[in-house]
Amino acid sequence: MKRREILTAAMTTGGAIAGLTLGTGTATAAPAAGRPPAAPGLAKKDTLAFAAGSEIRIGTALSGAWAPETSPYLQEGPYRDIAGGEFTSLTAENHMKWQPLRPDRDTFDFTEADSMMDFAAANGQVARGHTLLWHSQNPDWLEEGSFSAEELRAILREHIETVVGRYAGRIHQWDVANEIFHEDGALRAQENLWIRELGIGIVAEAFHWARAADPQAQLFFNDYNVDGINPKSDAYHALIQDLLADGVPVDGFSTQGHLSTRYGFPGDLAENLQRFADLGLRTAITELDVRMDLPDGAAPTEEQLAQQAEYYRRATEAALAVEGCESLTVWGFTDAYSWVPDTFPGEGAATLLDEEYRRKPAYYAVRGGERPRRPSRPDALTH
Ligand code: XIL
């Protein structure tokens, strides 16, 4: 069965037959150490992981990174069970960014990142590494330090060698460079300290250093607002061709997929990913969420939830339609821990599950299969 048929099959069969045909064991997550196994056997068929089978990694960002006591995967049973059982890939929402990893120039603090990697291993999951060269969430000592160009280059090289090397063989895909272009396709030449101080050549070097540190990991460019064909995604398309011609080890291009029901769905998503696939690259959707307007803290209406589900369904369909698109990651799975309300005031409810971990229509849209309805009861049983 071809990739694109999987979820369609899942949709008509409730996921069970498609899963049984295609599941090759990637979904059978082992329980995390020190706790009893999740509900055994058939219960596992009722998951995104089972529906995805071995055709595509279904991932989530894992919340946390600042301290164990604020990390829900360490503190909250339902969060932990869903993160471990519904997904086959994890991305650190923050744990592997410079800020938490590098409290100062001479220190690497791997406490939180290691803890996430242990959680992934205990659950039989792969991980996406995020991220190495970015303009945001860098520590002050780095952004405000007065380093020479040579020092900065050495700092980045040491960082990549140390971090990528530490997790070598355990990271499926690394977002080596994140968000290096503006919307009009111009480089973020001022905001991004690496490019500002060292020029665009540093990007190629970062890919080479990452490849040397972990030859197995697929190395990606990652950005937002590159779902469709536009000046920003065009800029990546042009840059990556140049880099490939120069022998730079770029393996993939990914779109984050931070969508909003305010705007239309990017109908050329599959077409856009396909033009990168045509360059010989892997592609991925790495941070999918679909936010909606919720003025004054209103609850989402049924229409809003249905519209959101349609965006998730179309994004999933696009990922399945493109050969070499091997991972679809949501940016958090519960509205209780989504970055959206803090970042986009007045918007929210962007994820697959509500704040009480109840499955929303969006969940079923990704997994396929009808939303279960209470069976109508014969009159005789109604009283
Ligand atoms: C966000 C996290 O979700 C927040 O917790 C954090 O405060 C800011 O960063 N693009 C990316 C992600 O590549 O790393 C961002 O994550 C969201 C946008």
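## Loop, helix packing and ligand contacts

Asparagine 225 sits in the loop between strand S5 (218-223) and helix H12 (231-245). The model described here is predicted. Although asparagine 225 is not a glycine, its phi is positive, at about 55°.

Helix H12, which follows that loop, packs with helix H13 (residues 269-277) at an angle of about 10°, and the two axes are 11 Å apart. Angles under 35 degrees count as roughly parallel. H12 and H13 are therefore roughly parallel to each other. On the H12 side the residues that meet H13 are Ser233, Asp234, Tyr236, His237 and Ile240, and on the H13 side they are Asn272, Arg275 and Phe276. By class, the residues of this contact between H12 and H13 are three nonpolar, three polar and two charged.

A second pair of helices is H9 (residues 149-166) and H11 (residues 201-213). Their axes come within 8 Å and cross at roughly 30°. That angle makes H9 roughly parallel to H11. The crossing of H9 past H11 is right-handed. From H9, the contact uses Arg153, Leu156, Arg157, Ile160, Glu161, Val164 and Gly165. From H11, the contact uses Ile202, Glu205, Ala206, Trp209, Ala210 and Ala213. The residues where H9 meets H11 comprise eight nonpolar, one polar and four charged.

Which residues come nearest to the ligand? Of the 13 residues around the ligand, they are Glu93, Lys97, His130, Glu287 and Trp331. The table lists distances between an oxygen atom of the ligand and a polar atom in a side chain.

| Residue | Distance to an oxygen atom of the ligand |
|---|---|
| Glutamate 93 | 2.5 Å |
| Glutamate 287 | 2.9 Å |
| Asparagine 94 | 3.1 Å |

Glutamate 93 and glutamate 287 are thus in the table and also among the residues that come nearest to the ligand.

His130, another of those nearest residues, takes part in an unusual-looking detail of the backbone. What kind of peptide bond joins histidine 130 and threonine 131? The bond is cis, with omega at about 5°. Threonine 131 lies in strand S3, which covers residues 126-133.

Terms used
Residues are numbered from 1 along each chain as its sequence is written. This is a predicted model: local features need pLDDT of at least 70, side-chain atom pairs count only at pLDDT 80 or more; totals for chains, interfaces and linings use all residues. Side-chain values use heavy atoms; hydrogens and water are left out. Axes are lines fitted to C-alpha atoms, for helices over the stretch in contact, and angles run from 0 to 180 degrees between N-to-C directions. Helices (H or I, at least four residues) and strands (E, at least two) are DSSP runs, numbered from the N terminus. Angles under 35 degrees count as roughly parallel, over 145 as roughly antiparallel, 65 to 115 as roughly perpendicular and the rest as oblique. A crossing is left-handed if the near helix is turned anticlockwise from the far one by less than a right angle, and right-handed if clockwise. Contact means heavy atoms within 4.5 Å. Ala, Val, Leu, Ile, Met, Phe, Trp, Tyr, Cys and Pro count as nonpolar, Asp, Glu, Lys and Arg as charged, and the others, Gly among them, as polar. A residue is near a molecule or strand if one of its heavy atoms lies within 4 Å of it. A polar contact is a pair of N or O atoms within 3.5 Å; within protein, one must be able to donate a hydrogen and the other to accept it, and residues adjacent in sequence count only if both atoms are side-chain atoms.
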